[in-house]
Amino acid sequence: MDLETQDIKYVPGVGPKRAELLNKAFGIRTAEDLLQLYPYRYVDRTRFSRICDIDDEQTFVQIKGRFVQFSRVGEGRGARLVGMFSDGEQTIEVVWFKGTEYVTKNLQLNTDYVLFGKPSVFSGHYNFTHPDVEPLERFNQQKYLGLEPYYNTSEQMKSGSLNSKAVRKIMSGLIAQVRQGIPETLPSSLTEPLHLMSRTQAYCNIHFPADAHSLRKARERLKFEELFYLELQILRQAHQRNQGVEGYKMPHVGDFFNNFYFNQLPFPLTGAQKRVVREIYEDMKSGRQMNRLLQGDVGSGKTLVALLCALIAADNGFQTAIMAPTEILATQHLESLRSMTQGMNLHIDLLTGSTPKRHRDEIHRALTDGTLHILIGTHALIEDNVQFANLGLAIIDEQHRFGVAQRAKLWKKNRRSPHILVMTATPIPRTLAMTVYGDLHVSVIDELPPGRKPIQTYHRYISQRDAVDRFLLQQLRDGHQVYIVYPLILDNPKLELANVEQGYEYVRLHFPSYPASIVHGRQKSAEKDEQMRKFAEGKTRIMVATTVIEVGVNVPNASVMVIENAERFGLSTLHQLRGRVGRGAEQSYCILLTGVKLSRDTRKRMDIMVRSTDGFEIAEADMRMRGPGDMEGTLQSGLPFDLKIANLSTDGQLVELARRTAEAILELDSDLSALHNQIFVRQLQRIKQQIVNWGDIS
Ligand code: ADP
Ligand code: MG
C-alpha cells in the first residue's frame, strides 16, 4: 500500500464528504496525512475510578455501577432527565437534556453499566452531563487493550458527525492496514543504534498504544524522524549556500581600523568582543557572503563590535549600513559612533523618516559618490530610492523588531549581497538558535565589560510601596534617574493608558521636585521622541512609560527600574526591561512590584529574576515554563517545514541528537550521493513535494 498517494476518500469509513471535512480542517489529503493526525490525549479504559476519587484534576473518568433512580426535573428549556448512579458506595447525578426518550427506553435500573465521561461541577457537586453509558457486558466484550486515543476535530467536522470517536474508528481501520508493514523512512543503521521503533510500529503505537512505554517510544521515533529530516534539510541548505553565494572579499585591515584600535579605543575590548570580531573578520575576508547572528546580552557591547566591523569594511573600500528599530536608537548609535571616531576622517550619517529633504539629498549624493562610509538609520534605509555606491556590510540591530521580509529587502540593495550581521539581545537557547538559524552562523558575546556591578533585583508587594518610594527618593537625591514601567494591556488599551497616566500623576504628587517624562503607545512619535530625549539628556529625572521603552535606550545615569504589575510580564520582557539600567559604573536596581496573590508560575518568574541576571539562563527557564511560546511561533515560521509532533523548545535533547546525526552523515557524504544514503534523498524529496502540494491548495 502506498500511503503517500492513497487519497483519504478511499480510506474505509471516509468517503468524499468526510474527506472534504478533513481536508478543510487539517489539510489532510492522503492516508499518510491522516496517520499524522496525532491524538492529543489518551484515556486508559482499563482502569475504573470510584465516585469518591473524582476531583478537579481528572479529565475523563470511568465508573462501574448501577442506576438507582431516574426522575424528570424542570419544565420547558430547562427540562432534563436526571439519573442517580451508584458505584456501591456513593451516588452521583447523571444529567441528560437531549435524547431523554432514548435514555428512558434503553437504560434500566439495577443493571451493571460502565459510565464514561468528564465530570463537571454543578452547584457545588460533581455530575456527568451526557456521558457514554455502556452495559458492562458489552464493555467487557470490547477488550480494551490499552490507551484510547482522542483526536482534535473542528466544529464543522463535529456537525458532520465526524467527532473524535468517528475519527478513532477510521483510524483503527487504517492502522489495521498499516500493521501489514509500511516502507521505512530511516535506515536500520540509524534505528538500531538509537533504539528507535520501526515506522510501522510507531504509527500503530501512537494511535493505539499498548501502554505508556510504547507510546513514549512511538513518540520518540516520530519526533526524531521529523527533527532529523529538518536538520538534514537545513544543513544541506547551509552547505549549498556556503559553496554557492560569493561575497565581497575584505582582507585588508588598514588605517581606519588601526587608527581607531590603537589611538581611539575608549576602553580595552573584552575577550568576548575580541573573539567575535575575529570570527566576523574571518567571514568578511573569506570571499563567501557572511550571514551571522551576533547574540549578546543587553550591555555586552555590541555597538563597538559593529563599529570595528564597519571600519574593516571601510578599509576595503566598502560602505556599511546600520539599521536600528527606532529613531531614538538610531540617533544614539550616531552619537556614540561619532564621539568614538572623533578626529578620524570617517564620514557617518543618519537617515530616518524625519530627516529633512535637504539633508536627505546630501546623504543620497554622498552615498552614491561613495564618500559616506557608514549610514545609520531606521527602516527608512530600505526605501527603494536609497542607493549605495558600494554597500559591503549590513548590520541590523535588535533583530526581533524587524520582519524577515524587510531584511531581505536590504540584502538586495546591491548587485551582490552584502555581508549581513544581525545583532540581537534576545537570548535564544542554543538548540533553538542552531536550528532556526541553521544557515546563519552564530557568535555569542558571553561576557560583560569589566567593572559592571550586577543589577540587584528585588520583588516587592504593592503594600510596600511607601518603602519603595523612600528608596526612589534616595536615588533621585543622589542624582540618579528612575524608570517606572507599566505593562501593555492588549485586551484593554484604555486601562493601560489610565495606568500610565495615573502613575504619572502619582509621581508628580510624590516627587514634586523631580521633573518626569511620560511615554506610551498612544502618543505621536514626535511627542514620544521629545519625552525620551528629555530623559536621555537628564532634563527629566523620572520616566513613566509602557514597554515602548524596552528597546535599547541607553541612559547610563538611570539606576532604578521599577516594573509595576510585574506579574503581567513574561520573563524575557522583564529581563529586557531590567537591561535598561546597570549601564554605568554605579550600582543599579530593579524592583518588581506585584500584588500579594500570585500564581505558582508568577512566583517562579519573580524568583528567577531575583536570582539570576544571566540572559541565557532566563531564556531557558522561560522556554521550560511557557513551552511553545510567542518566540517559538515566530522562530518556527522560519523553518523549511512545519513540525507536527516535535517541539523545538521542549524536545531540546532530541533536536541535538538529530542535529549530530545529520551532521555525521553529511560529513562523510556532503551531497548525499552514496547509494546507502538514497533513502534520505528520497524522503527529503517527498517532504518537499508535500509542502508544494499543500501550498497549492491553501
Ligand atoms: P549592547 O550590547 O546592549 O548594544 P552597548 O553597545 O550599548 O551594549 O554597550 C553598553 C555600554 O558598555 C556602553 O556604554 C559602551 O560604551 C560600554 N562598553 C562597550 N564595550 C566595553 C568594554 N569593552 N569595556 C567597557 N565598556 C564597554
Ligand atoms: Mg545595543
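Trainee: What makes the pairing of Ser 300 with ligand 1 a polar contact?

Mentor: A polar contact is a pair of N or O atoms within 3.5 Å; a backbone N or O atom of Ser 300 lies 3.4 Å from an oxygen atom of ligand 1, so the pair meets that limit. This is a predicted model, in which local features need pLDDT of at least 70 and side-chain atom pairs count only at pLDDT 80 or more, while totals for chains, interfaces and linings use all residues. Residues are numbered from 1 along each chain as its sequence is written, chains are lettered from A and ligands numbered from 1 in the order in which they are written, and side-chain values use heavy atoms, with hydrogens and water left out.

Trainee: Which atoms of Gly 301 and Thr 303 lie at such distances from ligand 1?

Mentor: A polar backbone atom of Gly 301 is 3.1 Å from an oxygen atom of the ligand, and an N or O atom in the side chain of Thr 303 is 2.6 Å from an oxygen atom of ligand 1. Of the 570 Å² of accessible area (Shrake-Rupley method, 1.4 Å probe) that ligand 1 has on its own, the protein covers 82%.

Trainee: How many residues surround ligand 1, and what kinds are they?

Mentor: There are 16, where being near requires a heavy atom within 4 Å, and the closest are Gln 273, Gly 299, Lys 302, Thr 303 and Arg 452. They divide into five nonpolar, seven polar and four charged; Lys and Arg count as charged, whereas Gly counts as polar.

Trainee: Why are β12 and β16 placed at the edges of their sheet?

Mentor: Two strands pair if DSSP finds at least two bridges between them, and strands are DSSP runs (E) of at least two residues. Seven strands form an open sheet with parallel pairing, in the order β12-β13-β11-β14-β15-β10-β16. β12 (348-351) and β16 (441-445) each have a single partner strand, so one side of each is left without a neighbour in the sheet.

Trainee: How do you know that β11 and β13 pair?

Mentor: Strand β11 (residues 319-323) and strand β13 (residues 374-377) are joined in the parallel sense over four bridges, so the requirement for pairing is met. Within this pair, Met 323 stands opposite Gly 377 in β13.

Trainee: What makes β2 and β5 a pair in the other sheet?

Mentor: Strand β2 (residues 61-73) and strand β5 (residues 113-117) run antiparallel and share five bridges, so they too satisfy the rule. Lys 64 has Val 114 in β5 as its bridge partner. Their open sheet has seven strands and mixed pairing.

Definitions and conventions
Polar contact = N/O pair within 3.5 Å; in protein donor to acceptor, adjacent residues only side chain to side chain.
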